[in-house]
Amino acid sequence: MTIKRPLLGLAGSFVLGEVLALLDVAAIPWITGAFAAACAAAVRGKWRAKRRLNGAGDGARSAPAPGLRRSRGTGFGVLLLFLAALLAGFGRAQGVRDRLDGEAAWAGKAAGVKVSVTGTVERMEEKEDQTELWLRDAAAKVGREGMAFGRVVVYADSGAAVGIGSAVSLRGKLEAVERATNPGEFDFARYYRSKGAACRLYGEEVTAADGETAPYFEGIRRFRLWCGGVLEGICEPSDLGVFKAVVLGDQSSMDQGMKDMYRSHGISHLLAVSGQHLAIVGGGIYLLLRKAGMNRGRAGMLGGALVVSYGILTGGSGSALRAVVMILCLWLAGYLGRSYDCLSAMGLAGMWLLWRQPYLLFQSGFQLSFGAVWAIGGLGGLLNEALGAEKGWQRTLICSLCVQMVLAPATVWHYFRYPIYGLVLNLLVVPLAAILVYSGILGILLGGICPPAGVLAVGAGHYVLAFYERLCGLFSGLPGDSLLVGRPGWGQILGYGVVMAAGVGLVVRRKTMGRPAGKTEGKPPGFRWCGLLSVFLLYIVCFCVLLPRPQAGLSVACLDVGQGDGLVFTCAEGTVLVDGGSSSRSGLGEHCLKPYLESRAVETVDYAIVSHGDSDHVSGLLELMEGGGVRIRRLVLPRMARGKEDYAGLVRAAGGCGAQILYMEAGDGISLGDLRFTCLYAGNPAQETDADKNRHSLAVRVSYGQFGLFLTGDMDASCEAGLLRACGPGDLAGIQVLKAAHHGSDTSSSPEFLDRLGPKLVLVSYGNGNSYGHPSPKVLERLRERGSRILETGRCGAILLWTDGKRVECRGWLKR
């Protein structure tokens with residue numbers, strides 16, 4: 001049995017094992033069963049082979065079939081090896097997951113109490129208002145109880161003069177990094193876990209327990225600071241952030257608008273220190289050392305040491321370390337006189353990185369970096385041969401197309417948008433990346449000696465960046481420059497892979513169709529333009545698989561906005577946002593509302609209904625209208641908001657984004673297909689001048705077929721009584737779901753009101769650990785007495801409902 005690229009196969013088995021463990025799939029019985037079956041098959045195969053060798057009956061030995069023994073032994077040996085890699089990946093990831101879960105659980109028990117922490121500084125970032133420290137081998141203690149941590153992230157206001165390798169101690173509040181509580185949100189818990197940490201500590205003054213540092217790592221850190229200072233002195237302000245990102249791996253100085261521009265056009269990979277950058281730097285170092293007279297071995301060792309140091313200097317990201325390992329494999333293969341296989345080197349790098357940090361699997365940078373290598377070395381190599389690509393530009397075109405094809409699922413999964421002109425744009429910008437990198441490095445080297453020479457050196461990079469910006473501006477004017485796709489389902493991603501594999505198989509198969517057997521002489525067929533067109537059409541067909549599917553029924557999301565309210569209703573005809581604010585979370589629009597809407601491929605909100613004007617109901621909505629990205633067509637305000645100064649900010653923001661302003665009162669309604677919002681109560685007309693905005697709250701019935709949901713804003717018991725007097729006999733009939741008023745406060749949800757509605761399901765939106773005591777235990781007890789099922793955003797994150805107008809499905813996001 002011959003296995004091509006066995007290291008890549010082992011890496012695949014190892015990754016599969018880690019995925020099963022991190023997704024908490026009970027795979028041990030299956031793996032054990034596979035091991036037992038493989039071992040039994042191996043024993044049975046050897047027994048049969050032995051019987052054939054010994055012959056039958058008369059003892060005469062028959063000649064074995066050629067290669068029989070070797071073939072069976074090798075085949076089962078490879079199978080066992082792959083199963084061992086699968087088990088190793090599963091065991092390693094499960095061990096890391098259990099350790100991090102234990103650390104997070106201990107931090108949860110110590111919440112609100114000051115903890116003493118000691119550890120060794122592994123990484124250090126000095127910022128304007130605080131110092132960020134990554135401590136390894138940390139130990140936390142509260143009273144007599146203690147806990148060992150593999151790694152803890154510390155944010156301290158000030159501290160002693162410490163460096164990498166210093167032992168430090170400090171006190172502060174330790175907390176577990178929380179998971180994303182809403183669909184589409186960035187998952188900080190997985191990000192920290194990909195760095196090996198599950199907890200962070202906001203500390204006081206840092207005390208150095210041992211001032212000794214690790215000279216090598218501390219020297220690299222100081223050199224990086226020096227390089228950053230040189231760039232600050234020689235670069236224009238608009239270029240500084242990009243040069244720091246490209247050369248030093250530091251994106252903290254980049255303007256957010258610049259980051260969004262590069263990402264939306266599919267060229268954000270230029271900002272990450274990856275294989276391309278390491279190849280430029282490492283290749284240049286190696287060639288310089290060779291021209292200086294060093295032999296291949298010494299040049300490789302010294303160049304390898306410098307490349308490793310550069311990988312550490314740029315932050316040691318997964319993409320950078322992957323590139324370091326692959327470059328070292330390339331040089332080692334050259335020194336040993338062996339052939340280099342980039343996919344095998346990629347497999348080795350992947351197993352090493354994932355053994356260190358299994359949660360890297362979920363990070364976009366890791367997926368895009370390894371996906372690009374597989375696209376170029378695997379799919380690209382296969383299609384280059386199949387299409388007869390011999391010239392450099394032909395191979396570049398095919399590899400660029402392959403990269404777009406392979407990375408499309410990961411791109412839309414993480415960013416929800418896809419740059420449809422990314423293929424063309426990358427063909428124009430990638431060839432200039434070497435100039436940008438060398439310009440920055442040369443600027444640092446010369447600028448440290450003679451600043452004017454450094455300014456001259458970065459001039460070339462400045463014109464490259466200006467060219468990039470102009471190109472992005474040009475493509476931004478084209479229709480659909482950044483297509484909103486939303487987050488595809490797992491079935492769509494699987495379908496994408498199946499269609500792509502089948503299509504590539506057909507293209508490769510056609511290479512030999514019609515060719516006479518054994519005929520190899522004659523003129524080469526040349527480049528197959530029809531084959532390239534077929535691959536491009538395949539790319540379009542595959543991408544169509546990822547496009548959002550038509551909305552069926554009504555989806556309702558009661559988002560976890562912290563201490564506030566925010567609900568999104570989505571049906572085939574459009575989207576309605578009801579409230580959207582928080583008093584405990586800043587940046588709610590950018591980090592919660594917008595990601596959720598974009599993950600559902602919603603670019604336009606047809607109606608934004610404001611129950612009343614408190615900030616915990618409108619702060620995120622204001623951000624959406626002022627920041628753009630999501631268009632608001634109509635803003636619906638309560639009747640009592642007309643002419644009130646408290647609502648002037650909303651009115652101005654609506655005017656700035658072109659939204660139509662409507663005022664809702666009792667009897668008014670809005671419709672989107674079968675979805676209807678009917679206002680049943682809009683405050684007491686006798687209290688028109690009431691300064692308490694809670695009394696402005698709209699009471700709205702939401703109807704979809706036989707499904708009924710009731711929204712009450714922050715109404716108190718007196719408003720509920722006014723609502724009951726104003727409603728007719730059938731106005732409140734058939735309501736299955738109630739959104740509890742005022743976050744479950746005991747001033748609302750009166751017994752009379754609950755008796756009249758009789759809701760089967762009650763949604764309570766509040767911030768976990770809020771200072772108001774929401775939700776009130778009395779209210780929760782009232783609901784339980786009436787047999788209502790209660791779902792709370794503070795416990796289960798976003799609450800997701802779906803209905804077809806008859807049956808209703810409901811689940812909490814954190815309990816998925």
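This section describes the overall make-up, confidence, salt bridges and selected local environments of a predicted model.

The chain holds 816 residues, of which 50% are buried. Its secondary structure consists of 25 helices and 23 strands. The accessible surface amounts to about 38400 Å², and carbon and sulfur atoms account for 58% of this area. When contacts between residues at least 6 apart in sequence are considered, 72% of them join residues at least 24 apart.

Mean pLDDT over the chain is 86, with 90% of the residues at 70 or more. Confidence is highest in strand S9 (residues 554-558), where the mean is 97, and lowest in helix H2 (residues 28-54), where the mean is 60. In the stretch 56-72 the pLDDT is below 50, and this stretch has 13 contacts in the model beyond near neighbours in sequence. Where pLDDT is low, predicted coordinates should not be read in detail.

A total of 24 salt bridges is counted. Two of the pairs examined involve helix H3 (residues 68-109). Arg99 and Glu103 both belong to this helix and are separated by four residues, about one turn. Their side chains form a salt bridge with an N to O distance of 2.9 Å. The two partners differ in accessibility: Arg99 is partly exposed, at a relative accessible area of 34%, whereas Glu103 is buried, at 1%. A salt bridge also joins Asp101 to Arg193, with the closest N and O atoms 2.9 Å apart. Because Asp101 lies in helix H3 and Arg193 in helix H4 (residues 188-194), this pair ties together parts that are 92 residues apart in sequence. Arg193 has a relative accessible area of 13% and is therefore buried, the cut-off being under 20%. Asp101, at 35%, is partly exposed.

Glu785 and Arg786 form a further salt bridge, in which the closest N and O atoms are 3.9 Å apart; the cut-off is 4 Å, so the pair is counted. Glu785 is exposed, with a relative accessible area of 58%, while Arg786 is partly exposed, at 30%. Elsewhere, a network of salt bridges links Glu218, Arg221 and Arg222.

A nonpolar patch on the surface, of about 320 Å², is made by Tyr216, Phe217, Val308 and Leu328. Leu328 is located in helix H10 (residues 318-336). The relative accessible area of Leu328 is 31%, which is classed as partly exposed. Patch residues must have over 30% relative accessible area, so Leu328 meets that requirement.

His612 occupies the loop between strand S12 (604-609) and helix H20 (615-627). With a relative accessibility of 0%, His612 is buried. The side chain of His612 makes polar contacts with two other side chains, that of Ser697 at 3.3 Å and that of Asp614 at 3.4 Å. Beyond neighbours within four places in sequence, the residues in contact with His612 include Asp579, His617, Val618, Pro638 and Tyr647. Further along the chain, contacts of His612 include Lys693, Asn694, His696, Gly713 and Asp714.

Ala386 belongs to helix H12 (residues 364-386) and is buried, with a relative accessible area of 6%. The C-alpha atoms of Ala386 and Arg510 are 8.3 Å apart in space, although 124 residues separate the two in sequence.

Methods
Residues numbered from 1 in each chain as written. Predicted model: local features only at pLDDT ≥ 70, side-chain atom pairs only at ≥ 80, totals over all residues. Heavy atoms only, no water. Patch = residues over 30% accessible without salt bridge, like charges linked within 9 Å, V, L, I, M, F, W, Y side chains within 5 Å. Areas by Shrake-Rupley, 256 points an atom, 1.4 Å probe, with all protein chains shown as cover. Buried < 20%, exposed > 50% of the residue type's maximum accessible area, 1.4 Å probe, protein only. Polar contact = N/O pair within 3.5 Å; in protein donor to acceptor, adjacent residues only side chain to side chain. Contact = heavy atoms within 4.5 Å. pLDDT = per-residue confidence, 0-100.
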